[in-house]
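Trainee: I should be grateful for a close look at the salt bridges of this protein. Please take me through them in a connected account.

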Amino acid sequence: MRTRTLSALPLLLALIGAPATVSAATDLGKELRLAAAIGDVESVEQMLDQGADINAGNQFGKTALMMAVEGDNLEAVAALLARGADVNARTVAGCSALTFAAENGHIGITALLIERGANVHDRTRAGWDSLMIASRYGITDMVEQLLYRGADPKASDKDGRTALMQAADKGHAEVVELLVKSDADKEARDKQGATALIIAAGQGHTKVVEALLEHGADINAKDDQGATALIWAVGEGRSEAVDLLLKHGADPNIQDTDGVTALMEAVSTKHNALIGPLIDHGADPALEDSKGRTATKLAQQKGNDEAVGLLAGR
């Protein structure tokens with residue numbers, strides 16, 4: 001025999017100073033959202049039976065379904081969907097129940113929402129869809145699920161960043177592998193002209209760098225300022241990423257729009273430990289930037305005496 005559990009909603013309402021009994025004047029929509037947020041399915045059903053608007057949102061447009069999703073309350077989500085909740089309703093910021101599920105890593109709820117018709121292409125106001133969000137947080141199972149359901153790995157947000165770039169930025173190599181195998185564009189550019197490889201190298205995510213290189217990413221691709229993944233890695237002092245890029249044949253003598261090479265970048269940022277490896281892989285100390293300065297001249301101007309010594313006689 002099923003034991004009936006006591007509803008948690010009256011107690012919670014009492015604690016926050018709201019009346020425990022539901023009267024005609026009670027804001028049923030507000031109580032419905034609260035019940036959904038705490039997973040009180042019995043109260044959800046009661047509110048709906050009393051005429052609560054299932055799709056009513058708060059001042060931010062967040063509905064009971066979205067609150068149930070955020071709270072990881074699968075039973076409440078299922079109950080609301082069964083009673084006709086709009087699975088594709090949007091908040092004022094453009095968020096949907098599916099983007100909330102992706103952000104919070106609720107894989108089971110994501111599957112249910114998609115099964116009930118959630119649009120995998122819906123975007124937040126920032127231009128993020130559920131695949132971008134799941135990729136950014138490294139939720140591999142959800143990424144796989146969304147791709148299977150038709151999410152677009154080539155879509156980009158308002159900054160031009162794709163799901164692949166989001167994963168690369170955060171160092172999620174397994175997600176990167178999934179996306180690349182699902183035809184994500186390895187050479188797509190964000191609004192600064194950076195590729196996923198450039199982004200990963202700048203962050204020092206060597207596993208991502210290696211995965212992208214193994215799948216044929218252009219090792220010498222340049223951003224809008226002419227900087228390569230190697231220059232980015234050097235500038236951030238990412239020694240392991242620098243070693244990996246050089247090992248795979250990155251050109252150390254490519255110059256950006258100011259004529260700066262990876263060697264000059266190492267000198268300017270005082271990442272002197274990178275000078276030797278760069279020169280060992282063919283970096284030319286005699287190259288000049290757009291102002292006619294060699295790496296040695298830059299070292300002198302920056303007061304980087306250690307670099308001057310390392311470059312002497314090279």
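Mentor: What follows is an account of the salt bridges, with a short look at one helix pair at the end. The model is a predicted one. As general background, side chains of opposite charge can pair when their charged atoms come close.

The structure holds ten salt bridges in total, and Arg 83 is a good place to begin. Its side chain meets that of Glu 45 in a salt bridge, with a distance of 2.4 Å from N to O. Arg 83 belongs to the loop between helix 5 (74-82) and helix 6 (97-104), whereas Glu 45 sits in helix 3 (residues 41-49), so this pair ties together parts that are 38 residues apart in sequence. Arg 83 also forms a salt bridge with Asp 49, and here the closest N and O atoms are 3.0 Å apart. Asp 49 is again a residue of helix 3, and Arg 83 lies in the loop between helix 5 and helix 6, so the pair joins parts that are 34 residues apart in sequence.

The accessibility of these three residues can now be added. Arg 83 has a relative accessible area of 36% and is partly exposed. Glu 45, at 27% relative accessibility, likewise counts as partly exposed, while Asp 49 reaches 61% and counts as exposed.

Another salt bridge pairs Arg 293 with Asp 289, the closest N and O atoms being 2.9 Å apart. In this pair Arg 293 is partly exposed, with a relative accessible area of 21%. Asp 289 has a relative accessible area of 7%, and because buried means under 20%, Asp 289 is classed as buried.

Salt bridges also occur as a network, in which Arg 136, Arg 161, Asp 169 and Asp 190 are linked.

Charged residues appear in a helix contact as well. Helix 13 (residues 206-214) packs with helix 15 (residues 239-247) at an angle of about 20°, and their axes are 9 Å apart. Angles under 35 degrees count as roughly parallel, and the two helices, helix 13 and helix 15, are therefore roughly parallel to each other. Their crossing, that of helix 13 and helix 15, is right-handed. On the side of helix 13, Thr 206, Val 209, Glu 210 and Leu 213 take part, and they meet Glu 240, Ala 241, Leu 244 and Leu 245 in helix 15. By class, the contact of helix 13 with helix 15 comprises five nonpolar, one polar and two charged residues.

Technical notes: Residues are numbered from 1 along each chain as its sequence is written. This is a predicted model: local features need pLDDT of at least 70, side-chain atom pairs count only at pLDDT 80 or more; totals for chains, interfaces and linings use all residues. Side-chain values use heavy atoms; hydrogens and water are left out. A salt bridge is a side-chain nitrogen of Lys or Arg within 4 Å of a carboxyl oxygen of Asp or Glu. Helices (H or I, at least four residues) and strands (E, at least two) are DSSP runs, numbered from the N terminus. Buried means under 20% relative accessible area, exposed over 50%, partly exposed in between (1.4 Å probe, protein chains only). Axes are lines fitted to C-alpha atoms, for helices over the stretch in contact, and angles run from 0 to 180 degrees between N-to-C directions. Angles under 35 degrees count as roughly parallel, over 145 as roughly antiparallel, 65 to 115 as roughly perpendicular and the rest as oblique. A crossing is left-handed if the near helix is turned anticlockwise from the far one by less than a right angle, and right-handed if clockwise. Contact means heavy atoms within 4.5 Å. Ala, Val, Leu, Ile, Met, Phe, Trp, Tyr, Cys and Pro count as nonpolar, Asp, Glu, Lys and Arg as charged, and the others, Gly among them, as polar.
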